[in-house]
Amino acid sequence: MGKPPQQLPGEPTAQLHVSDGASERSELLANWLDAHGDALYRFAMQKLHDEHVAADVLQETFLAAFQGAASFRGDSQVRTWLFSILRLKIIDWQRRTHRQSRTLEQMSERATPTAFRQNVWKHGQTSRTNLESKNSGPL
């Protein structure tokens, strides 16, 4: 097979065993945060341009890493794995906010006085046309 992934100096061991407990995973996660947190945060800021959102997405990233730590096989460097998770979390956030903004735009369009008047006008025209067609017969 290939050679094992190169480990950076000071980087915690990448591979975990399923039998590892939550406290060991917490310690490993703390080591990952110390080793890679700044770089991950800078990347999130470049993509999201909002420190609060970047911090939230980074928190989601480390939560996902914590939950998936037992399944990390060490085929790649931890840094690569964490950046992959972060990229996916950023995409999720962008999709979620795009969906929310579209929904808010649709709601605001429906709620504007102009839209209300247009809707009333449209229904008024339909009602008037229906009345005229019913009353257009011989008297």
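**Exercise 1. Determine whether T61 is buried or exposed, and find what T61 touches.**

Step 1. T61 has a relative accessible area of 0% and is therefore buried; buried means under 20% relative accessible area, exposed over 50%, and partly exposed in between, with a 1.4 Å probe and protein chains only.

Step 2. T61 lies in helix α2. Helices are DSSP runs of H or I with at least four residues, strands are runs of E with at least two, and both are numbered from the N terminus.

Step 3. Leaving aside residues up to four places away in sequence, T61 touches L82, I85, L86 and K89. Contact means heavy atoms within 4.5 Å.

The model is predicted: local features need pLDDT of at least 70 and side-chain atom pairs count only at pLDDT 80 or more, while totals for chains, interfaces and linings use all residues. Residues are numbered from 1 along each chain as its sequence is written, and side-chain values use heavy atoms, with hydrogens and water left out.

**Exercise 2. Describe the chain as a whole: its elements, its buried share and its exposed area.**

Step 1. The chain has 4 helices and 0 strands, and from the N terminus on the order is α-α-α-α.

Step 2. Of the 139 residues in the chain, 23% are buried.

Step 3. About 10300 Å² is exposed, and carbon and sulfur atoms supply 54% of it. Accessible areas come from the Shrake-Rupley method with a 1.4 Å probe, and for residues only the protein chains shown count as cover.

Step 4. Among the contacts in the chain with a separation of 6 or more, 68% are between residues 24 or more positions apart.

**Exercise 3. Find which members of the largest nonpolar core touch the most other members, and which elements give two or more residues to this core.**

Step 1. A nonpolar core is a set of buried Ala, Val, Leu, Ile, Met, Phe, Trp, Tyr and Cys residues joined through side-chain atoms within 4.5 Å.

Step 2. The largest one has 23 residues, and W32, L82 and L86 touch the most other members. Two or more residues each come from α1 (22-48), α2 (51-68) and α3 (78-111). The most come from α1, which gives 8 residues.

Step 3. Take L82 as a case: apart from residues up to four places away in sequence, L82 touches W32, H36, L40, T61, F62 and A65.

Step 4. V78 lies in helix α3 and is buried, because its relative accessibility is 0%. V78 and W32 are 46 residues apart in sequence, yet 7.8 Å apart in space from C-alpha to C-alpha.

**Exercise 4. Describe how α1 and α2 cross, and sort the residues of their contact.**

Step 1. Two packed helices are described by the angle between their axes and the distance between the axes.

Step 2. The axes of α1 and α2 come within 9 Å and cross at roughly 145°. Axes are lines fitted to C-alpha atoms, for helices over the stretch in contact, and angles run from 0 to 180 degrees between N-to-C directions.

Step 3. The residues of this contact divide into 17 nonpolar, 3 polar and 2 charged. Ala, Val, Leu, Ile, Met, Phe, Trp, Tyr, Cys and Pro count as nonpolar, Asp, Glu, Lys and Arg as charged, and the others, Gly among them, as polar.

Step 4. S26 is in helix α1, and S26 and F66 are 7.3 Å apart in space, C-alpha to C-alpha.
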